[in-house]
Every structure is written in C-alpha cells, then in structure tokens.
Amino acid sequence: PASSSSSSSPPPVLDEEDCLLLDCRKDPITDLTRTETTFVSNLRAVVRVFVQPLKEARVLSAFELASIFSNIEYILALNEDLVSNLTTLSERRSQDQIIGPIFFHFTEFIGVYLSFAENHPRALDTLSDFKKT
C-alpha cells in the first residue's frame, strides 16, 4: 500500500545543475543504446536465419523476398549506424552528450521505416498466399 502511493506520485523536476550533478543524461542514453542494440541483434537474426538462406537457396523470387522482408537489410544497416553513434555518445562526459544531432541526421531516413511499415499488409498477404499453396 505505501509503495503504491509513492509510485503514483510524479518524479521530481530537476533543474540543469541538478541533472549535471546526478548525471541525468547518462541513463537515458545508455537505455536507448541497449534497446537499439537488442533491436539490431534481432534484425541480424532475421537476416541471418531467414533472408540470407532464402536468397542463397533461390526458393523465392526477388519480388517475393521484397514482399515479405521489404527493406530489412537497409534498416539493419541504418540501425547499426545508430547504435555506433549512440555508443560513441555514451562514452562522452555527461555534459557533452547531445543526442539531438544524431536524431536529426536520421530524420532523412524516416522514409525507409515508413516504407517498411507500409509494406506490412503486403508481407502478410504474400505469406498467406504461400500458406494456401
């Protein structure tokens, strides 16, 4: 009971000086780096276990592969670059950790992610077609 009431209270608001003293920037960047590293690992597994073997076996046409996996290899390359940038950033002193430029750089690639998301219904349709045959 006592812990549930304390969990519902908002976190304290810290000013910039407090953040510098408490190293507020480090944990979010570390958390983001960890999350993106896991995402990259999962993408690598999909490419290694599914995409590459299907390409090498020539079981599916290039169109069918693209229909199912879209631009996953390009997304993998972009996210590997993001992880590299985040890792470099996390190694800097807290007051030198400015994440904005990293995200600004990646805004030009938002279309790659949109294309992947927009392809999802086609991927499901293609897989459904394969299940029928």
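User: A residue counts as buried under 20% relative accessible area, exposed over 50%, and partly exposed in between. With that in hand, is Arg 58 buried or exposed?

Analyst: Happy to start there, with the reminder that this is a predicted model. Arg 58 sits in the loop between α3 and α4. Its relative accessible area is 74%. The cut-off for that class is over 50%, so Arg 58 is exposed.

User: What is the phi of Arg 58?

Analyst: Most residues other than glycine have a negative phi. Arg 58 is not a glycine, and yet its phi is positive, at about 55°.

User: Which residue follows α4 with a positive phi, and how does its relative accessible area class it?

Analyst: Look in the loop between α4 and α5, where Ser 70 has its place. Ser 70 is not a glycine either, and its phi is about 50°. With a relative accessible area of 24%, it falls between the 20% and 50% limits, so the residue is Ser 70 and its class is partly exposed.

User: Which helix gives the most residues to the largest nonpolar core?

Analyst: That core has 21 residues, and Phe 69, Ile 72, Ile 102 and Phe 106 have the most contacts inside it. At least two of its residues come from each of α3 (26–57), α4 (62–69), α5 (72–90) and α6 (100–106). The top contributor, with eight residues, is α5.

User: Which residues does Phe 69 contact, leaving aside neighbours within four places in sequence?

Analyst: Phe 69 is one of the buried residues of α4, alongside Leu 65, Ser 67 and Ile 68. It is also among the residues with the most contacts inside the largest nonpolar core. Beyond its sequence neighbours, its partners are Val 46, Phe 50, Val 51, Leu 54 and Phe 116.

User: How many aromatic pairs are there, and what is the geometry of the rings of Phe 106 and Phe 109?

Analyst: The count comes to one aromatic pair. The ring centres of Phe 106 and Phe 109 are 6.1 Å apart, inside the 6.5 Å limit for pairing. Both residues are buried. Their planes stand at 55°, which lies between the 30 and 60 degree limits, so the geometry is tilted.

User: At what angle do α5 and α7 cross?

Analyst: The contact is made by Ile 72, Tyr 74, Ile 75, Leu 78 and Asn 79 in α5, which meet Val 112, Tyr 113 and Phe 116 in α7. The crossing of these two helices is left-handed. Helix α7 spans residues 110–132, and its axis comes within 10 Å of that of α5, with a crossing angle of roughly 140°.

User: Is Thr 33 buried or exposed, and which residues does it contact beyond its neighbours within four places in sequence?

Analyst: Thr 33 belongs to helix α3. Its relative accessibility is 10%, under the 20% limit, so Thr 33 is buried. Past its neighbours in sequence, it touches Leu 86 and Thr 87.

User: Before I use the model, which element has the lowest mean pLDDT?

Analyst: Across the chain, the mean pLDDT is 83, with 77% of residues at 70 or more. Among the elements, α4 has the highest mean, 94. Over residues 1–6 the pLDDT is below 50, and this stretch has zero contacts in the model beyond near neighbours in sequence. The element with the lowest mean, 47, covers residues 2–8 and is helix α1.

Note on methods:
Residues numbered from 1 in each chain as written. Predicted model: local features only at pLDDT ≥ 70, side-chain atom pairs only at ≥ 80, totals over all residues. Heavy atoms only, no water. Core = buried A, V, L, I, M, F, W, Y, C linked by side-chain atoms within 4.5 Å. Buried < 20%, exposed > 50% of the residue type's maximum accessible area, 1.4 Å probe, protein only. Helix = DSSP H or I, 4+ residues; strand = E, 2+ residues; numbered from the N terminus. Contact = heavy atoms within 4.5 Å. Phe/Tyr/Trp six-rings, centres within 6.5 Å; stacked < 30°, edge-to-face > 60°. pLDDT = per-residue confidence, 0-100. Axes fitted to C-alpha atoms, helices over the stretch in contact; angles between N-to-C directions. Left-handed = near helix turned anticlockwise from the far one by under 90°.
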